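Please look through the points below with the sequence and the model open beside you. They are meant for a colleague coming to this entry without earlier acquaintance.

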Amino acid sequence: MTHGMRADTPHSEGDRDWRDTATRYALVPLRIFLGVTFVYAGLDKLTDSTFMQDAGAGSIGDMMRGVRDSSAVPALIDLALKNPVGFGYAIAFGELAVGLGALLGLLTRLAALGGALISLSLWLTVSWAADPYYYGNDLPYLMAWIPLVLAGAPLLSVDAALRARRSRAGGYR
């Protein structure tokens with residue numbers, strides 16, 4: 001046998017407990033990372049006076065005009081360019097809501113879906129031209145949101161507390 005551990009060797013009870021605990025808490029670091037990142041991104045946009053402008057160096061308007069021809073879906077950028085500042089505020093408040101939802105574990109699946117949609121729209125527009133594709137950061141963020149869309153926040157969350165409260169009250173799950 002070339003492996004250092006035999007497949008038929010049973011694991012100790014303590015080893016199984018550790019693995020079960022690690023499995024239950026596996027999504028918590030992802031929630032914290034995505035939540036902090038999206039809250040920071042939203043606040044950064046809201047507090048950057050040059051970003052929330054129709055035109056000028058560092059403005060959302062100039063950024064969108066700069067990536068329009070290299071995006072996968074130029075029509076999305078054309079739509080946003082009808083009101084770049086309004087679009088900037090929508091993205092910033094969306095990132096803030098998504099980040100807080102992930103951090104608190106409040107309506108986590110909905111928040112994660114919102115995060116995935118924001119990441120998808122940014123990937124198809126702003127970072128689409130990254131070459132090679134893995135240099136763009138929006139695609140990995142999109143993939144990171146998917147486990148939270150599927151699993152929600154079963155632990156250390158408002159969702160879990162509400163679910164426990166409903167079950168104690170004899171409600172449905």
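1. Where is the place of Pro132? In this predicted model, Pro132 is found in the loop between α6, which spans 108-125, and α7, which spans 138-151. The peptide bond that joins Asp131 to Pro132 is cis, with omega at about 0 degrees, and a reader stepping along this loop may wish to pause at that bond.

2. Leu107 deserves a look for its backbone, since its phi is near 50 degrees, a positive value in a residue other than glycine. The residue is placed in the loop between α5 (84-104) and α6. Leu107 counts as exposed because its relative accessibility is 54%, where the cut-off for exposed is over 50%.

3. Leu156 also has a positive phi, of about 50 degrees, although it is not a glycine. Its position is in the loop between α7 and α8, the latter covering 158-168. With a relative accessibility of 57%, Leu156 is counted as exposed.

4. Turning to charged side chains, the count of salt bridges comes to 4. One of them brings together the side chains of Lys45 and Glu95, at 3.0 Å from N to O. Lys45 belongs to helix α2 (residues 28-47) and Glu95 to helix α5, so this pair ties together parts that lie 50 residues apart in sequence. Both Lys45 and Glu95 are buried, that is, under 20% relative accessible area. As a general matter, side chains of opposite charge can pair when their charged atoms come close.

5. Which residues are linked with Arg68 in a network of salt bridges? The network links Arg68 with Asp69 and Asp78. Between the side chains of Arg68 and Asp69 the salt bridge has an N to O distance of 3.1 Å, while the one between Arg68 and Asp78 has 2.7 Å. Arg68 sits in the loop between α3 (60-67) and α4 (74-80), whereas Asp78 is in helix α4, so the Arg68 and Asp78 pair ties together parts that are 10 residues apart in sequence.

6. The surroundings of this network can be described residue by residue. Arg68 is partly exposed, having a relative accessible area of 27%, and Asp78 is likewise partly exposed, at 32%. Asp69, with 69% relative accessibility, counts as exposed.

Methods:
Residues are numbered from 1 along each chain as its sequence is written. This is a predicted model: local features need pLDDT of at least 70, side-chain atom pairs count only at pLDDT 80 or more; totals for chains, interfaces and linings use all residues. Side-chain values use heavy atoms; hydrogens and water are left out. Helices (H or I, at least four residues) and strands (E, at least two) are DSSP runs, numbered from the N terminus. Buried means under 20% relative accessible area, exposed over 50%, partly exposed in between (1.4 Å probe, protein chains only).
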